[in-house]
Structure formats: structure tokens, C-alpha cells
Amino acid sequence: MRRERTSAEWIDYFDANEANWSDIPWQRGAQVTLEPIRSLVRSLQAWQLGETSEARRLKTAAKRHAYAIGDPDFVEAMNLFIAEEQRHGEALGRWLDDVGAERLKRDLGDSLFRFFRHARPNIEVWTTVVTMIETIAVVYYSSVRRAIPSPLLQAVCEQILRDEMPHLEFQTERLRLLLRNRRPIPLWLTLRAQEVFFTGMVLVVWLAHRRMFVAGGHTFVSYLRATFRHMQHAWQAMRPRSTRSPVAEPPSRLEGWLH
Ligand SMILES: [Fe+2]
Ligand SMILES: [Fe+2]
């Protein structure tokens, strides 16, 4: 069992990871035409918008949290995490430009999530919602990679997927710290509430993006299995632990998700 990484360690990780984005073969172009895949691209447009969020509320919540626990580096670690998400959005946006699809300014699903996150912007709610979105994003980008035969987009999705595992670790480590001193009954209630919320989110995302999941080879049942399997890992990781070793492993980059 390992200890949580310090914010300084996360800063080092995010700084180093930026270099991985230089391998995307932009010179190849999208190599697909828009018309036959327009309905799939519509889904990607909505997702691209979500990835480009400025996340001002999250930054505010992170600052408050950093101040409360005396960890100023956490603000920078969170800023770098958000910058990495924006890099995902920019890469998807560049691919949309290439294929001739516009970048959206508004989307109903995106507005709904933003509204929820604004409703009670403390770090625990934020981190929980982001963890859930990232869990579903893993299944989503794996589907995009299979559904749209553009080698460039596939390279972008693979890099996004490689980034997501450390993102999930970043979030679940934070949740583990936040939940560490919660008593058993409130902790149990927190986890049950998360299950209910996650179930709702999984259903809403299926309704909005099922074409992409189906084109990527999923049925509703396999989608449910995949999303809940990833979330189970996250729930496992956020569970407070009684023993810790003094060793922090580097963030893992599981290639196995590229299924
Ligand atoms: Fe992302
Ligand atoms: Fe992410």
C-alpha cells in the first residue's frame, strides 16, 4: 500500500507529462470526411466543450482547500491538472477544425453538469463529480477510438486515455484524504449517495452519447459494466486506509484500458 503523493510530486508529474503531447501526428490531418460520421462528431463536439472548461469554481474551491490544510502547492497541482484537461479540449478542437466541424459554445449536458457543480462548490463535491466524469470518459474515449477511423483522432484518444489514469489517482487520493476522518456511518452514507449519483450520471451520459458507445462496440449492458468497473476501482482507491508505507509510486499509466 502506498502513501498519497504530495502536491509537489503531482506538480512534477504534470510538468513532465506535458511533453507526451508532442507525439501527436497533426501533420496527417483527420483523414475522414464529416458527412458519414456527423452524428458521432456531434457527440464529440459536446465532449470537447466539457474538456475546455476554465474551471474557475474548481480553482476557487482548490484555493480554499489548500489554505485550510496548509498546502499551497495544491493550488498549482490543480491548475496543472486543469491545464491538462484543457489540452484534451484543445486537441479535440483541433481535430474538429480539421474535419470541418465547429467547436460548440453551449451544450445542454455540459450546462447541466456546470449547474450542479456550481450548486455547492466545495472540494469534495468537485472532486467526486470530476472522478465520476473521468471514469465515464475512459469508456467514452475508448469507444471514440474504435468508432471513428481517423488515425489522428485515435492518437489523441490514446493520449487522453493515458492521462486519465493519473487523473483518477489525483482525484481519488484527494478524496481519500478528505474522507479519512469521516465516521463509519457518515462515510457509508457518503458512498451510498455517490452510488446513486453515479448511476444517474451514467444513465444521462448513455442517453446523450449512446450512438458513440454503440459505434464503439458497446451495448447498454456492456457500457454499464465498463463504467461501474472503473468506478469500483475509484471507490476502492478513495476508501480511507489504516496503514501506509512511506513510498509513493509514480502515477500509473495503464495501457490495458485501450480495449
Ligand atoms: Fe480529459
Ligand atoms: Fe481527466
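This tour visits the two iron sites of a predicted model, ligand by ligand.

**First stop: the iron ion (ligand 1).** Select the iron ion (ligand 1) and display the side chains of E51, E85, H88 and E164. These residues coordinate the ion through OE atoms of E51, E85 and E164 and through ND1 of H88, at 2.0 to 2.8 Å. Along the sequence, the donor residues follow the spacing E-x33-E-x2-H-x75-E. The four donor atoms subtend angles of 74 to 162° around the iron ion (ligand 1), and the arrangement is therefore irregular.

**Second stop: helix α4.** Select residues 73–99, which form helix α4. E85 and H88 both belong to this helix and stand three residues apart, about one turn. E85 has a relative accessible area of 13% and is buried. H88 is likewise buried, its relative accessibility being 0%.

**Third stop: the bridge.** Keep E85 in view and add the iron ion (ligand 2). E85 bridges the two iron ions, ligand 1 and ligand 2, which lie 3.3 Å apart.

**Fourth stop: the iron ion (ligand 2).** Now display E134 and H167 together with E85 and E164. The iron ion (ligand 2) is coordinated by OE atoms of E85 and E134, by two entries for E164 (OE), and by ND1 of H167, at 1.9 to 2.7 Å. The donors of this ion are spaced E-x48-E-x29-E-x2-H along the chain.

**Last stop: helix α7.** Select residues 151–179, the extent of helix α7. Because E164 and H167 are three residues apart in this helix, about one helical turn separates them. Both E164 and H167 are buried.

How values were computed
Residues numbered from 1 in each chain as written. Chains lettered and ligands numbered in written order. Predicted model: local features only at pLDDT ≥ 70, side-chain atom pairs only at ≥ 80, totals over all residues. Heavy atoms only, no water. Donors = N, O, S within 2.8 Å, 3.2 Å for Na, K, Ca; no water. Helix = DSSP H or I, 4+ residues; strand = E, 2+ residues; numbered from the N terminus. Buried < 20%, exposed > 50% of the residue type's maximum accessible area, 1.4 Å probe, protein only. Tetrahedral: all angles 85-135°; square planar, octahedral: opposite > 155°, others 65-115°.
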